[in-house]
Amino acid sequence: MAAPSVVVIGAGQAGSDTAAALRSQGFGGRITLVGAEGVLPYQRPPLSKQFLAGARSVADLALRPASFHTERDIEFVGRDPAVRLDRNGNRVTLASGRTLGYQHLVLAVGARARRLPVPGARLDGVLTLRTLTDAGRLRDRMRDTGRLLVIGGGFVGLEVAATARAAGLVVTVVESGPRLLARAVSGAMSAHLLAEHRAHGVRVLLSREVTALHGDGAGRVCGAELDGGERIAADLVVVGIGALPDVGLAAEAGLAVGDGILVDGHLRTSDPAVYAIGDCARFPSPHTGRPLRLESVQNASDQARCVAAALCGAPRPYAALPWFWTEQYGLRLQIAGIGTGHDRVVTLGDPSAGRFSLLCFRGNRLLATESVNRPADHMITRRLMGAGAPLPTPREAAAPGFGFKAFQEAAAV
């Protein structure tokens, strides 16, 4: 009988961690890791921060050295993306024409940057940031740029804005919504981030739309036009308006999709031999009671370990607590849980001093803790939520002298 084989399509955090977890959990069959890029799997969070600032090199970003794959008998196939999935024959066809047979397939194909649907979006100097190539191009262009326009006030846009401002660029951020990071953080945290960027000299425009980008006679972007007719001069434009899950391969193969590749509580697609994880997967979350698609390192890594366990004979539902983080200027924001739908916020610490946490509640239930430069609050929240331990109520959290450390000790977790 042939040894079992697993093909992992996508060599980002989720795919690389799947291959590594399979070996560490005792999988003895063949593992093939397929990537579209011609480099080893790398970390993405530094692309908009340390790498963009020139503080980290390409070599610094590698998740694992090439020797890791060799020593663990993991075949890494780079610069040869999968183009066809034959579920009846359990085969994957790559762009080169090579075919790979599998017993189990893991789709970790990620997402692609959303394009701005306005005139001028294809001008030279209009960039997105998703891959190492994108980040290298943006870093090179920033060296000769004086004025940067960032379209989108999400994590990537704000991190790029902070990095560019620290490098001395004149930076404008245009966000179509009424506040920054509206889908990710509370209104109070949005306001704090807005004040932080403005204090560093970034011009931030909210509830405004870019209706067109304009170029000079040589086809290079030179500015943007907003709703209402205002024009903003810019030598470089970064579009950070979200990402679209890469569902093409799955959809063509007849798998169920819908804002992601649809999976069950064990991360299986509509084909039980095929799993989907990471940025491309839409999964039922026990923490929200509804399907989610999350773009985070934590989600990618935890789902990779969950699938590896299933393929090694120890299946379990995916129930990891979501958490996120970002760095902007000297501010480190860490979020444990998902605060969507909260109706009350309790503040711990002093926002004016730059060290505080916002506890987001719905009724008496703590949904999420948003911590700025208070890592202990973040870690204790994660520990309590992850253990299913008692959590503070709004009344307890608002009581004078409340602290997470004392609460945790009292809960004996």
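**Sheets, helix packing and selected residues**

In strand E21, Arg290 is the residue that stands opposite Ser285. This pair belongs to a predicted model, in which strand E20 (residues 281-285) and E21 are joined in the antiparallel sense over 3 bridges. Both strands are part of an open sheet of 3 strands, arranged in the order E18-E20-E21 and mixed in its pairing. The edges of this sheet are occupied by strand E18 (261-262) and strand E21 (290-292), each of which has a single partner strand, so that one side of each is left without a neighbour in the sheet.

A second open sheet contains 5 strands in the order E3-E2-E1-E7-E19, and here the pairing is parallel. Its edges are formed by strand E3 (74-77) and strand E19 (274-276); each of these has a single partner strand, and one side of each therefore lacks a neighbour in the sheet. Averaged over the sheet, and with direction ignored, neighbouring strands are turned by 15° against each other. Within this arrangement, strand E2 (residues 30-34) runs parallel to E3 and is joined to E3 by 4 bridges, with Leu33 having Phe76 in E3 as its bridge partner. Helix H1 packs on the sheet, where it touches strand E1 (5-9), E2, E3 and strand E7 (104-107), and the direction of H1 makes about 170° with that of E2.

Helix H1 is also involved in a contact between helices. The axes of H1 (residues 13-24) and helix H8 (residues 297-311) come within 8 Å and cross at roughly 35°, and the crossing in which H1 passes H8 is right-handed. On the H1 side the contact is made by Gln13, Ala14, Asp17, Thr18, Ala21 and Leu22, while H8 contributes Val297, Ala300, Ser301, Ala304, Arg305, Ala308 and Leu311. By residue class, this contact between H1 and H8 comprises 8 nonpolar, 3 polar and 2 charged residues.

Antiparallel pairing is also found between strand E13 (residues 210-215) and strand E14 (residues 221-226), which are connected over 5 bridges. One of the paired positions is Leu213, whose bridge partner in E14 is Ala224. The two strands, E13 and E14, form a hairpin with 5 residues between them, and Gly219, which lies in the turn, has a positive phi of about 85°.

Positive phi values also occur in residues other than glycine, including Tyr329, for which phi is near 60°. Tyr329 is placed in the loop between strand E22 (323-328) and strand E23 (331-337), and its relative accessibility of 23% classes Tyr329 as partly exposed. For Asn373, likewise a residue other than glycine, the positive phi is near 55°. Asn373 is located in the loop that lies between strand E26 (365-372) and helix H9 (375-387), and at 24% relative accessibility this residue, too, counts as partly exposed.

The structure holds 0 disulfides, and the positions of two cysteines were considered in this respect. The cysteine sulfur closest to that of Cys280 is in Cys306, at 14 Å, which is too far for a bond, given that a disulfide requires sulfur atoms within 2.5 Å. Cys280 is buried, as its relative accessible area is 0%. For Cys306, the closest cysteine sulfur is that of Cys312, and the separation of 12 Å is again too far for a bond. Cys306 likewise counts as buried, because its relative accessibility is 2%, where the limit for this class is under 20%.

A final position examined was Arg141, which is found in helix H4 (residues 132-142). With a relative accessible area of 26%, Arg141 is partly exposed. When its neighbours within four places in sequence are left aside, Arg141 is in contact with Asp124, Gly125, Leu127 and Leu236. Arg141 and Asp235 are 94 residues apart in sequence, and their C-alpha atoms are 9.3 Å apart in space.

Note on methods. Residues are numbered from 1 along each chain as its sequence is written. This is a predicted model: local features need pLDDT of at least 70, side-chain atom pairs count only at pLDDT 80 or more; totals for chains, interfaces and linings use all residues. Side-chain values use heavy atoms; hydrogens and water are left out. Axes are lines fitted to C-alpha atoms, for helices over the stretch in contact, and angles run from 0 to 180 degrees between N-to-C directions. A crossing is left-handed if the near helix is turned anticlockwise from the far one by less than a right angle, and right-handed if clockwise. Contact means heavy atoms within 4.5 Å. Ala, Val, Leu, Ile, Met, Phe, Trp, Tyr, Cys and Pro count as nonpolar, Asp, Glu, Lys and Arg as charged, and the others, Gly among them, as polar. Two strands pair if DSSP finds at least two bridges between them. Buried means under 20% relative accessible area, exposed over 50%, partly exposed in between (1.4 Å probe, protein chains only).
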